[in-house]
Amino acid sequence: MLQFVGKAQAYPPKRLAEDRARDFQEIANLYAPAAAEDQAGRCSQCGVPYCTVHCPLHNHIPDWLRLTAEGRLREAYELSNSTSTMPEICGRICPQDRLCEGNCVIEFSGHGAVTIGSVEKFITDTAWEEGWVEPLVPGPARGQSVGVIGAGPAGLTAAEYLRVQGYDVHVYDRHDRAGGLLTYGIPGFKLEKPVVMRRVERLKAGGIVFHEGFEVGRDATLADLRARHDALLVATGVYKARAIEVPGGDARHVVAALDYLTASNRKSFGDTVAAFEDGSLDAAGKNVVVIGGGDTAMDCVRTAIRQGAKSVKCLYRRDRANMPGSQREVANAEEEGAEFVWLAAPAAFEDGGVRANRMRLGAPDASGRRAPEVDPGAGETFAADLIVKALGFDAEDLPTLWGSAELGVSRWGTVLVDGKTLMTSLDGVFAAGDIVRGASLVVWAIRDGRDVATSMHKYLRAKAKAEKVAA
Ligand code: FAD
Ligand code: SF4
Ligand code: SF4
């Protein structure tokens, strides 16, 4: 351990940009075992590990780094797995620069953080290869049943922990495949789909019942599901795309980011997607303009490059320093050929182009970032045959969609929960993940899923006890 002075920080090498721009495979390969051990050995085993403090799951990072450095990989896997249902997924897609690695003391000392995420991915990918990932074994049957609405990381995590406790668990999702945004939002070059599907298969094999293609609000009301189960979890994520109020927004060549990414992800499963086959959601041969500066915009830009777009531009109304997306993802996109146009916002979507205003930055707004304002007189038109709107997502109106006016929501539509129990305004109905936090991160959804499972278990035990006393 403590090798951070003698051994330089080294992430697993990225594939050449021109190669990775041709496919949807992840952009970096796995560490070779010796490299993983070397990199783990750079950790200084801090007494107060800030990496762990800033990991939403409070993973035992220094401990599994030490075990990796000592070549004790199976123990490293078991420890890493004890706090997370999907360590290899977090290792791939957490914005580590803002979480664990961004708070590693070695980073502050100028030696470059321990490459925590890449080691985490290495440990659990190795465990899958070696057959160390054990089947999900349900605890003794309790005779109580739980319904989980939404098969994203929050719902899947809660389902797993509750099944281990011996509950009958039913997961309902409106999509035909489980995984939520892991499956249909995040592109394969960040997270290859078999990595998600093997997790889902493990849960199915453990007896969790999946009702795919089942939309609450269409196939059942919330009240129907409450009658069917002893407790319910709402983990439906946020899907209402934020609008851009400019002329031409409903033109055929102006599309929503999630429609675009979902079509592309479906293609990677081999599905037939009508809107892709007819060209509306395919960037091949087109000038593409993506509007937005978050991670969804980056994913659209990089998807368009892989589909063979003629040119790809990303318009963002602030500058590089004030964008919400990860700098690492911008660098990846630039390497692959995307062009960023900073301080530009659409004024109108026209046939074959986007008319844009030039922006300048004023005083900081409520988010602390400097607010963009139009720079009068300056503007430009960019050629575009496909325009992708990627301005983020808000919650859908669940009380209306689900015929459940008594479900308490905030003014942004997110579901309100008791801070301690994570229960909503309805007895026995809990909520977790993006539908509570607003658009967030996979690692927070997993954390919420873990916490809500603990709380639901407590509630269900009390309910069983009360029913026994009453009987
Ligand atoms: P979701 O993953 O959204 O899952 C919710 C599920 O509920 C879905 O499967 C949906 O079909 C289902 N559902 C919704 N309504 C109903 C209904 N009425 N009936 C039945 N089922 C329903 N985070 C990161 O940490 N790293 C990244 O790199 C990253 N990239 C992202 C890229 C994109 C394009 C997007 C959109 C998000 C990204 N995120 C990323 C954010 C991350 O994906 C989310 O924070 C996370 O998936 C939230 O998990 P969840 O379980 O709350 O909801
Ligand atoms: Fe870092 Fe995310 Fe892994 Fe936590 S879960 S250690 S934040 S990569
Ligand atoms: Fe190791 Fe960095 Fe965590 Fe310290 S902060 S324990 S050096 S990974």
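In the predicted model, the shell around ligand 3 consists of eleven nonpolar residues and one polar residue, with no charged residue among them. The residues in question are Cys 43, Ser 44, Cys 46, Pro 49, Cys 51, Pro 62, Leu 65, Cys 104, Val 105, Ile 106, Val 114 and Ile 116. Helix α4 and helix α7 (residues 105-108) each contribute at least two residues to this shell. Ligand 3 itself occupies the largest cavity.

The second largest cavity holds ligand 2. Around ligand 2 are found Cys 55, Asn 59, Ile 61, Cys 90, Cys 94, Gln 96, Leu 99, Cys 100, Glu 120 and Val 443. This shell divides into seven nonpolar residues, two polar residues and one charged residue.

Helix α5, which spans residues 73-81, was examined for the placement of its buried residues, namely Leu 73, Ala 76, Tyr 77 and Ser 80. These residues lie on the same side of α5, because the arc that they cover around the axis is only 100°. In general, an α-helix has 3.6 residues a turn, so residues three or four places apart point the same way. The partners against which the buried residues of α5 pack are α4 (61-69), α6 (87-93) and α8 (116-130).

Helix α8 also contains Ser 118. This serine has a relative accessibility of 14% and therefore counts as buried, since the cut-off for a buried residue is under 20%. When residues up to four places away in sequence are not counted, Ser 118 is in contact with Tyr 11, Pro 12, Tyr 31, Gly 91 and Glu 101. A further relation links Ser 118 to Ala 10: the two residues are 108 residues apart along the chain, and their C-alpha atoms are separated by 9.8 Å.

A similar analysis was made of helix α16, formed by residues 327-336, in which the buried residues are Glu 329, Val 330, Asn 332, Ala 333 and Glu 336. Their arc around the axis is only 160°, and they are therefore placed on the same side of α16. The elements covering the buried residues of α16 include α1 (17-20), α15 (295-306) and the strand β9 (339-341).

How values were computed: Residues numbered from 1 in each chain as written. Chains lettered and ligands numbered in written order. Predicted model: local features only at pLDDT ≥ 70, side-chain atom pairs only at ≥ 80, totals over all residues. Heavy atoms only, no water. Buried < 20%, exposed > 50% of the residue type's maximum accessible area, 1.4 Å probe, protein only. Helix = DSSP H or I, 4+ residues; strand = E, 2+ residues; numbered from the N terminus. Arc of directions from axis to C-beta. Contact = heavy atoms within 4.5 Å. Near = heavy atom within 4 Å. 1 Å grid on protein atoms, 1.4 Å probe; cavity = no way out; pocket = protein on both sides within 12 Å on 5 of 7 lines; lining within 4 Å. Sits in = over half its atoms within 2 Å of the grid points. Nonpolar A, V, L, I, M, F, W, Y, C, P; charged D, E, K, R; others polar.
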